[in-house]
Every structure is written in structure tokens, then in C-alpha cells.
Amino acid sequence: MNTLVIIGNGFDIAHGLKTKYSEFFLWYLNDISKKLNSDKKYHDPLITISKFGAFHDSFFDVKDISDFKRIYNEGEGKFYSTKFSEYLFNHTNDPIWVDLEYAYFNSLTEIYSDYFEKYKSVIPPSRTELINLAIEEVRKLNNICIFLKSKLEEYLLTIDSLTKEVNSEILQHFTQEFSIASDIPKGVVSPIMDANLILNFNYTSTLEVYKQELSGYNLNINYIHGKLKDELNPLVFGYGDEVNPYYKLIENLNNNEFLNNFKSFSYFKTENYIKLINFLNGGNFKVLIMGHSCGLSDRVLLNSIFENRNCRGIKIFYHKKSLTENDFFEKTQEISRHFNNKEKMREKITPFFKSSPLIS
């Protein structure tokens with residue numbers, strides 16, 4: 001049977017990479033701090049601030065963000081766009097990236113509600129003004145999303161260059177789960193072998209250190225959301241839940257600005273999505289989940305995998321929080337949101353006693 005491995009940010013974290021949102025945001029604040037201390041002012045699509053009094057030379061912990069907010073409030077500061085900006089600053093303790101993408105979509109729907117619900121009750125001359133205001137708000141929101149993606153790539157490049165090593169537990173998961181014909185010598189790829197595909201949602205190169213160890217397993221890696229510094233496979237960042245009721249309303253506005261950061265349109269830039277579909281339709285497969293949140297931001301893509309007629313099972317390699325706590329139960333709840341047929345969901349998910357932690 002073919003094997004599909006879904007890799008998310010938890011995979012990088014398991015290898016010691018500081019890829020949490022809070023870690024990125026501290027780096028971003030430090031960048032602001034340096035410029036404030038040298039130029040006395042700072043401006044980007046997300047925030048504008050003028051320095052008042054002493055400012056930190058650097059921020060080391062998420063708790064330091066409260067100091068930034070205090071100094072920000074004492075100075076001449078301004079947030080741009082919608083509640084998305086506030087979310088970026090106020091949810092730094094331990095959000096996952098998919099939450100930020102969901103916050104972006106919520107901001108988009110709020111703009112729709114604020115302006116186009118009013119649209120119905122105003123006379124025609126005022127409607128044009130309302131539409132223009134809404135488009136301008138969406139443009140600001142999209143500029144923040146573009147800026148955030150560029151800063152994220154800048155940050156990840158600083159840590160992706162660090163030496164990464166094969167994790168023996170994770171390597172064992174791969175070798176135990178990947179299919180390989182027993183009568184074919186290791187290192188020799190045969191057309192009769194089952195296929196193994198890693199669907200990597202990360203932008204980093206962490207998986208590359210496993211290539212040599214897994215050279216005999218008919219393995220391909222699909223960087224579905226792009227790779228760092230790769231113009232032919234640019235970063236995909238945005239939202240991917242087109243079954244949300246609000247999506248149809250937004251689509252019917254007939255203004256492309258509202259659709260600029262939906263993932264489906266970014267998938268057309270490469271062959272990654274087509275290659276995934278070809279794999280899904282190429283025969284029976286099992287799914288392994290390693291470090292992916294399975295949140296709504298990738299709803300359409302994950303639904304196409306989980307409810308595919310060839311999908312025979314889903315095994316979760318859960319995050320072990322402590323000796324007595326893990327995220328297996330939460331992960332099953334997230335996965336359930338990608339199933340329209342809940343009976344099939346219950347048939348496909350491997351029970352806890354047959355599952356394993358990603359790392360113990």
C-alpha cells in the first residue's frame with residue numbers, strides 16, 4: 001500500500017527549530033527595536049511607531065511583549081487595518097500558524113459584514129463610496145499578509161541554515177511505516193514498489209537530512225506550500241477553506257482583491273497540487289500525520305485527502321506534552337472537521353492504543 005506522510009510545523013519543532021509564531025514575533029520585535037534605537041521611528045504595513053524615551057535593546061521572552069505594548073502606547077503609535085493587526089500582537093503566547101491564517105479570514109469576513117451589510121440599506125450614490133472603502137480595507141489587510149509572509153521567510157532563513165540532524169525516533173517511524181518489497185535490495189528502486197510521498201507543509205529544508213537514509217524507499221517529497229528562496233516554488237501563505245459559507249459571498253462580490261490570499265490560487269503557480277492529486281488517485285494509501293495541526297486553514301486540501309476513495313487509514317503521531325498529557329484527542333477533533341462523512345472518519349482514524357508519539 002502507498003504511504004502519504006503529512007508534515008507540519010511540529011516536525012520542525014521536534015528537530016529543535018524555533019519556528020513557533022511566538023519565536024518569530026520576538027525576532028520581529030527585536031528588528032523594530034533596533035530601528036527605533038537608531039532612527040527614532042519605525043514604519044511597516046503592520047505598525048508605525050515613533051520612539052518616546054528609552055527602548056529595549058532586545059526582547060528575549062514572550063512576556064517582554066507587554067513592555068513593547070507599554071512603550072508603544074507611550075509613543076506615537078498606530079496599528080494598520082483590522083482586528084488582524086491586533087490579533088498578531090495580542091495572541092503571542094502559543095498560537096499555531098493556522099490560527100493566524102484563520103484570523104486573516106475572520107478579518108476579511110468582518111470587512112464584508114461591516115460594509116456590505118450596510119450596502120443594502122443605503123441609497124445608490126453612497127454605495128460606491130462604501131465599496132471603495134471596503135476594497136481599501138481589504139487592500140491594507142492583504143498588504144499585511146504579504147508583509148508577514150516576507151518577514152517570515154526572512155526569519156526562517158536565519159534558522160534554516162543551522163545544522164539539522166536525523167532524529168532516530170522519527171527515522172524509525174518512517175522505516176517502519178514505509179512500504180518496501182522484501183525481495184528488492186535496499187537502495188534499488190523498482191517500478192513494482194509501493195510509493196511513499198511526504199507532503200511537506202513547512203518551508204524549511206529539515207526533511208532533506210532524511211533523504212540518504214530513506215534512499216531505498218521509492219520516496220518523493222512534495223513542498224506543497226513552497227520552499228525558502230525558491231522562485232520556482234514560492235511560499236504559500238493565506239487561507240484554504242472555500243467551503244466556509246462566507247467564501248461564496250465574498251466570491252460573488254466579483255472583486256479579486258478579496259481572493260488574493262486564498263491558497264487555491266497560489267497552487268496554480270506550481271505542479272505540486274497536480275502531483276498530489278495524481279498520487280491520491282494512483283492506488284490505495286494510508287496517511288501518517290507528523291506535526292501538522294490539521295486546522296481549517298487547509299480544509300479543502302485535507303478533505304480531498306481524507307475522503308478520497310483510496311484513503312484506507314489515518315495514523316496520528318501525536319505530540320507528547322508530558323508523561324500523562326498528549327494532543328491525540330485534540331487532533332482527532334481537528335481531523336473530524338475535514339470529513340463530511342463522519343462514519344468514514346471513525347473507520348479511518350487509527351485508535352490511540354495503536355498510535356505513537358512523534359518523539360517520546
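Strand 7 (residues 285-290) and strand 8 pair in the parallel sense over six bridges. This is a predicted model. Within that pairing, Ile289 has Ile316 of strand 8 as its bridge partner. Strand 7, helix 11 (residues 299-306) and strand 8 also make a right-handed β-α-β unit.

**The sheet**

Strands 7 and 8 belong to an open sheet of six strands, in the order 6-5-1-7-8-9, with parallel pairing. Strand 6 (219-223) and strand 9 stand at the edges. Each has a single partner strand, so one side of each is left without a neighbour in the sheet. Strands of a sheet pair through backbone hydrogen bonds, either parallel or antiparallel.

The table lists the pairings in sheet order.

| Strand pair | Bridges | One facing pair |
|---|---|---|
| Strand 5 (residues 196-200) and strand 6 | five bridges | Leu199 and Asn222 |
| Strand 1 and strand 5 | five bridges | Thr3 and Asn196 |
| Strand 1 and strand 7 | six bridges | Thr3 and Lys286 |
| Strand 7 and strand 8 | six bridges | Ile289 and Ile316 |
| Strand 8 and strand 9 (residues 356-357) | two bridges | Phe317 and Ser356 |

Thr3 appears in two rows. Its bridge partner in strand 7 is Lys286. In strand 5, Thr3 stands opposite Asn196.

**Buried strands**

Strand 1 (residues 2-7) is mostly covered, with six of its six residues buried. In a regular strand the side chains alternate between the two faces of the sheet. In strand 1, Asn2, Leu4 and Ile6 point one way. Thr3, Val5 and Ile7 point the other way, and both sets are buried.

How many residues of strand 8 are buried? Seven of the eight residues of strand 8 (residues 311-318) are, so the strand is largely enclosed by the rest of the structure.

**A helix residue**

Phe25 sits in helix 2 (residues 21-39). Is Phe25 buried or exposed? Its relative accessible area is 2%, and the cut-off for buried is under 20%, so Phe25 counts as buried. Tyr155 lies 130 residues from Phe25 along the chain, yet their C-alpha atoms are separated by 9.5 Å.

**The largest pocket**

The largest pocket has a volume of about 1,200 Å³. It is lined by 45 residues. Which of them are the closest to its centre? They are Asn9, Gly10, Ile96, Gly291 and Ser293. The elements that give two or more residues to the lining are helix 1 (9-14), helix 5 (97-119), helix 6 (124-160), strand 8 and helix 12 (328-336). Strand 8 thus links two topics here: it contributes to this lining, and it pairs with strand 7 and strand 9.

**The chain as a whole**

The secondary structure comes to 13 helices and nine strands. The chain has 360 residues, of which 49% count as buried. Its accessible surface comes to about 17,900 Å². Carbon and sulfur atoms hold 50% of that surface. Among contacts between residues at least 6 apart in sequence, 74% join residues at least 24 apart.

Conventions: Residues numbered from 1 in each chain as written. Predicted model: local features only at pLDDT ≥ 70, side-chain atom pairs only at ≥ 80, totals over all residues. Heavy atoms only, no water. Helix = DSSP H or I, 4+ residues; strand = E, 2+ residues; numbered from the N terminus. Buried < 20%, exposed > 50% of the residue type's maximum accessible area, 1.4 Å probe, protein only. Pairing = 2+ DSSP bridges. Right-handed = clockwise from strand over helix to strand, strands pointing away. Contact = heavy atoms within 4.5 Å. Areas by Shrake-Rupley, 256 points an atom, 1.4 Å probe, with all protein chains shown as cover. 1 Å grid on protein atoms, 1.4 Å probe; cavity = no way out; pocket = protein on both sides within 12 Å on 5 of 7 lines; lining within 4 Å. Points joined across faces, edges and corners; volume = space filled by probe spheres on them.
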